[in-house]
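Biologist: I would like to go through this model with you, one question at a time. Please give the reasoning before each answer.

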Amino acid sequence: MVRARIEQNPIVRVVVHTSLYGLKLVAIWILLRGHHEPGGGFIAGLLIAAAIAMQGVAFGADAAQAIFPIPPAYLLGSGLLLSFSTVLGPALMGRAFMEHSAGVIGLPLFGDVVWSTAVLFDIGVFLVVVGTMKTVLLTIASDRVQVRPAQGEQDTSDSEREVS
Amino acid sequence: MSNLVAYPVLLCFGTGILQLLLHKRVVLQRALALLSSMAGIVLSVLLTYTIWTSGIQVQTAGGWPVPFGITLTADLFSGLMMILAAVVLFTSVLYIFKDMDAASERTFFYPVLFFMMAGVNLSFATGDIFNLYVAFEVMLISSYFLMALGSKGPQLREGLKYLLLNTVASSIFLVAVALLYGVTSSLNMADIAAKAAMDPGNPYITLAGMLFMVVFAAKGALFPFYWWLPRSYYYVPNGIAPLFASMLTKVGVYGLIRVFTLIFVHDSGLTHSLLLVIGGLTMLLGVIGAISQYDFKAILSYHIISQIGYMIMGLGLYTVLGLAGAVYYIAHHIIVKSGLFLLSGATSRITGNTDFKHYSGLLASHPGLAFTFFATAISLAGVPPFSGFFAKFALLKAAVEKGAWGIAAVSLVVSFFTLFSMIKIFRKAYWGRPSGQRIQRDRKDYIAALSPAVILLALSVAMGLGGGYMMEFALATADQLMNPAIYIEAVMGR
Amino acid sequence: MEQALGAVALPLVAAFLMPVLYRWLRWRLGLAALAVAAATFILVILTPNMSLVIPWVSQLGIDLSIHVDGWSRLFALLIAGIGTLVVLYSIPYLGSREDLGKFYAYLLIFMGAMLGVVYAGNVMLLYVFWELTSISSFLLIGFWNTRDDAQYGALKAILITFGGGLAMLGGLAILGTVGGTFELSGLLANRTELLAQPLTTVALVLLLIGAFTKSAQFPFHIWLPDAMAAPTPVSAYLHSATMVKAGLFLIGRLWPIFHVHPLWVPVVATVGMVTMVVGSFLAIQKTDLKAVLALSTVSQLGLIMWLFGLATPEAAQAGTFHLLNHSTFKALLFMVVGIVDHQTGTREIPLLSGLRRAMPVSAALAMVGAASMAGVPLLNGFLSKEMFLTAVNNSSMGLAGAVVATGASLFTTLYCLMLGHKIWFGEPGETPDEPKEGSRTILVPPLILAVIIVAVGVFPALAESAVVGPAVAAVLQAPAELPHIALWHGFTPALLMTALALGGGLLAYTALPGVLAACRRVTPQRYHLNALYDFLWWKNQAVEKAAKWITNRQMTGYLRDYLVYTLGATALLFFGTMLVKGVRIPALNLSPVGPWEFLLAAIIAVGAVFTARARTRLAAIASISLVGMPLSVLFGLLRAPDLALTQVVVESVTVVLFLLVFPHLRQITLYPRRRSTNVNVLVALAVGALGTVVTLLANGARLFPPQVAEWFLRNSMELGGGNNVVNVILVDFRGFDTMGEITVLTVAGLAVYMLIRLRKQQAGGGKS
């Protein structure tokens, strides 16, 4: 049992625990800067997914669930909805579908900030990637392990094959 | 420039997303499914009517100029396919309400169904070869989900073959796109077609065409790539099988017809003759598979292959009448095949089985079911005055006019075997002494399960009796397909 | 014109009401059907000669074209007239226990379809109705489908007639393409050009196959005897009086176009002659009354076919007249046999004798029918038989034809005696039911037919002027001097032949057992057409077995086979095209490859080899990392930071996923090397080569400048509002692709959830 062994390893646990915060921060940073520098929603989502995976391996499914503590299906749904709204919205407003808008607004502390619906789309991508990885990891992690022996060739053929 | 061409796709995406968010509320998901499938019919008819009156509809995502953005392009062929997809979705949804086990229905069934339809509609609407790849991916993963829904042993075993063989095809798709992009530096199909026309018969483009032939032949279950279909479709849950059988492989056929009437048209002596041979072998081997079976659903599954051969026959002939026949045939096939799978489902709801070993003699107790099947089945075999007859006859006439005697003879022989296997189902399932178990259900339930098939049969009859209108539309569609310049100009010309 | 359309439409529409009406009317449904049939008959009588075209699928040349002339009127009268009598007959015959709703629905569909065949002025429209008659015939033969013989007969009938129909369809397609139209009038007008085309011969042969299968001509006659599994009214109507004459109808329609074709006489006359001989020869050997009648129908159809095949006007006249007469006496005989079957419970000739005492009216009717068929004077059969013998005698077949015709007629006399004498006279035998005369209603229809037989026999001029004359004129399509049909022609060779046939038949009848034994000795018992049919389609199911063999060869069920087929075919197509088209890989203009790149490539190669040879999953996943990680470094070196970053993260997540999944998987199974492994290796190499070639081509064979890529780079900031062009492409320029891809991701996630969740539920006994 690989997972069981890793869970009992204190070094892994400490490393994972501390690196989590860093990973989250990096992910957000990569997500938001993505439009100008290397990065974007996809990679950011994958980073969070990696964090969830590590958390899951180190502390079990419950701990992994605690990162973005929303049921994964809603993560997926809201991510898709966010991205989709930037696709459908312009069409409903009489422009070409998926025509992104951008502009500059002045904020008190940050000064002039460039906004773009493209970033909303990217956040949607981020949420979907996180949601997918979370669904997959949690489902697999919660599945019972059945140890099955290696099979002889004849046996494999039968299970693979059906001839009518 | 209107978004109309995008709406059938966006409708399916939006419906799926809402249903995903409402995944705990099955009743609301059902209501959404019903409303959305009806809206889909309205939108696709509206789109097709617009194309009919004012030409090919083009819109680019984000409003980017052609050929840089992703262009959605719908000609009559696309419009017709979207209508058919919407109609079949509607009847399937009606049937699904009756015949889908509760646990499966609760497990994200509806969202994935609509994502799959989004992929299907996107395939028909897109004018961008890479976007077509994306649409195929959406379809593939969703169809795998639906195929394996229920997670039973044989489903997983055959589903894996389906997934793997189709993933191989997808990889080849990517390779083919890479080659085509490398040669033409474009992903926009109209742009590529325009460039291909500048250097007609360029061997690199023909080579890319061969790869696309493989890709779409694999998706459309043509010889020698159909291996995944017969067994995997057999295990698709009854509620979704009609949709799979009628729509999914037709997307591959659509792809073949699209690229081999738009882009790869300059070496038709090689490509289209090859398609004719492939079409002939497909229809022959498919029907041979069908007559070797003794199971309602298995016979129907093999017939899908056989009938795809007819469609490719029309493409291979590459004349206006041939393509019109193919278009007519596709429309006929989607309606009728869907109906037959619905009837297979309705029958196994009564008998609990599709294998003829386990039941017979339903005619006496369920005459409505038996005769709906009989009429739909002979329509499939091409017996007049149903839709199948005119479709087959148009293809036969096109073959005779072109002097393609081999394929003409094969198509007649296949018709014969098709009738034989349809009669076999009728004899084994409905004729004979009543035997086997009967699952008791009330009459209302029986009628509700039967009515979607009756709707489709009525459509087949209408497409036969109104054959003149249907043929006029098919000829206009074929005319557009045979003149790629119309398509290119609609996209590039502004 | 309304009458013609109404005559076709009325029964077709009424047919769909029958099952509904059956709920209310029960056994009285027959009366409703009778009203429909009678109304149709009146419409047919009122229908004048006419032509009319209503556009339908004009693009294919198929229109609702109605053409009524003498030829169609003859058939229409038979269809509607005998149809009415048959419906009347069926009411007492079927009683109230049968599923009358279906029965009358099928019967009326047939009636409408058959009228459609004879009224069609467009050969494609004719085909449409033609197939509809095959379908209704199939359903009627299979009416008692719980019985094996009904299923057998129905399948045989539809396979042969539908198969012939498809041949005919092919012939029609050729005919229409060569002649430029499917309209009968148009084809007729173009006949000289048509006959000059070599393709017309192919079309003719295919059309004749259609006509021969429908009219049960040798060697396609085998379906008709087995069609007798249908209820007797159906046999009387479809399988003797009308549907089997559709082939003859078509022959009559083709006659004016093709009778001068060099193949016409040799093929049509020979087939007709052989059919007549074979039919009558087999008929006498049967012991089932309906089988005797069926084979006698085959024989008589052959006779008529022979006449049309002779291609002379007088033969056509004789054929037309005999067609009318045959319908009357054969329908009558079927009805009487039905009564016998109904009243005694058997149709076996050896069990039946001396019935005239119990059933005197039936006996008289049967004798009239049988005598007419044998050609006894004063009955209509005598007249047309005479004309047949004369026509054969005067034809190019001459004496040989006359001898064959006389011989076949001798056999005809023999089975007519069995039908008209053997079962009625002698000592009464033991039958399952005590024989008694049929009810009055059931005797009315055959009585009407008997009256017609005698009336036409005595006053032939009436039939000639009303029906036969116009029909012959329509067939000939040209004025011709024809002798009038008369009772007495003087001492002609035909009279001698008739006398020989009747006398010889009587003589043979006195020595019947010996004759039958002799006949059976020369009839093949093991190798005959029915045995061939049974071998292919029924008992041995050779066709299905062959199909299964072919299918199992390719559909092996092994994924590895399918992959080899798929990839092998791909490689074959690809490299085949390269070879045919002479594609060469163009020179590449590449930047120099540095030492780092070589090193990374080497690591990747080693990783790939290790992965393939790994014996545990852990080793395999470690080796895969050896492929993935250097790849991301390579991306970095090539200045693709986004790709590099993504590759690294994907790689790590994959490893974690694998670690999670491993405990659920079986250990790797190692297969011994076998012969197919070599093929696998070959295919794998070919696919690798394909990938390499495509990569080289994609980079070396640019025909056009990379305008799209340059446009993206130029406009990323200005239009997309971002410096990172990769991201701008992903979320904006080609963001719609991304929309699709995130849907793929979502569904993939849901799929994993569904697969595991639903499997657990099954394991947990379906609890949710």
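Biologist: At roughly what angle do the axes of helix α17 and helix α19 of chain C cross?
Modeller: This is a predicted model. In chain C, helix α17 covers residues 380-394 and helix α19 covers residues 440-458. Their axes come within 7 Å and cross at roughly 50°.

Biologist: What does that make α17(C) relative to α19(C)?
Modeller: The crossing angle is roughly 50°. Angles under 35 degrees count as roughly parallel, and those of 65 to 115 as roughly perpendicular. The angle fits neither class, so α17(C) is, relative to α19(C), oblique.

Biologist: How many nonpolar, polar and charged residues does the contact of α17(C) with α19(C) have?
Modeller: From α17(C) come C:Asn380, C:Phe382 and C:Leu383. From α19(C) come C:Ile453, C:Val456 and C:Gly457. Gly counts as polar. By class, the contact has no charged residues, two polar and four nonpolar.

Biologist: Which helix gives the most to the side of chain C that touches chain A?
Modeller: The contact joins 47 residues of chain C to 54 residues of chain A. On the chain C side, α28 (641-661), α31 (725-733) and α32 (735-763) each supply at least two residues. With 14 residues, the one that gives the most is α32(C).

Biologist: How do the residues of that side of chain C divide by class?
Modeller: The side of chain C that touches chain A includes 17 polar residues. Three are charged, and the nonpolar ones number 27.

Biologist: Is C:Leu660 buried or exposed?
Modeller: C:Leu660 is found in helix α28 of chain C. A residue is buried if 20 or more other C-beta atoms lie within 10 Å of its own. C:Leu660 has 20 such atoms within 10 Å, so C:Leu660 is buried.

Biologist: How far apart in space are C:Leu660 and C:Ser716?
Modeller: In sequence, C:Leu660 and C:Ser716 are 56 residues apart. In space, C-alpha to C-alpha, the separation is 41 Å.

Biologist: What radius of gyration does chain B have, set against a compact globule?
Modeller: Chain B has 20 helices and two strands, and its C-alpha trace spans about 65 × 55 × 40 Å along the principal axes. Of its 494 residues, 74% count as buried. A compact globule with 494 residues would have a radius of gyration near 23 Å, and chain B agrees with that, at 21 Å.

Biologist: And what radius of gyration does chain C have?
Modeller: Chain C has 32 helices and two strands, and its C-alpha trace spans about 115 × 65 × 55 Å along the principal axes. Buried residues make up 51% of its 768 residues. A compact globule of 768 residues would come out near 27 Å, but the radius of gyration of chain C is 38 Å.

Biologist: Where in chain A is confidence lowest?
Modeller: Chain A averages a pLDDT of 76, and 77% of the residues score at least 70. Confidence is highest in helix α5 (residues 72-92) of chain A, at 93. The lowest mean, 42, belongs to helix α7 (residues 153-160) of chain A.

Biologist: Over which residues of chain A does pLDDT stay under 50?
Modeller: Where pLDDT is low, the predicted coordinates should not be read in detail. The stretch in question has ten contacts beyond four places in sequence in the model. In chain A, pLDDT stays under 50 over residues 149-159.

Note on methods: Residues are numbered from 1 along each chain as its sequence is written. Chains are lettered from A and ligands numbered from 1 in the order in which they are written. This is a predicted model: local features need pLDDT of at least 70, side-chain atom pairs count only at pLDDT 80 or more; totals for chains, interfaces and linings use all residues. Two residues are in contact if their C-beta atoms, placed from the backbone, lie within 7 Å. Helices (H or I, at least four residues) and strands (E, at least two) are DSSP runs, numbered from the N terminus. Axes are lines fitted to C-alpha atoms, for helices over the stretch in contact, and angles run from 0 to 180 degrees between N-to-C directions. Angles under 35 degrees count as roughly parallel, over 145 as roughly antiparallel, 65 to 115 as roughly perpendicular and the rest as oblique. The radius of gyration is taken over C-alpha atoms; the globule rule is 2.2 Å times the number of residues to the power 0.38. A residue is buried if 20 or more other C-beta atoms lie within 10 Å of its own, exposed if 12 or fewer, and partly exposed in between; C-beta atoms are placed from the backbone. pLDDT is the predictor's confidence in each residue, from 0 to 100.
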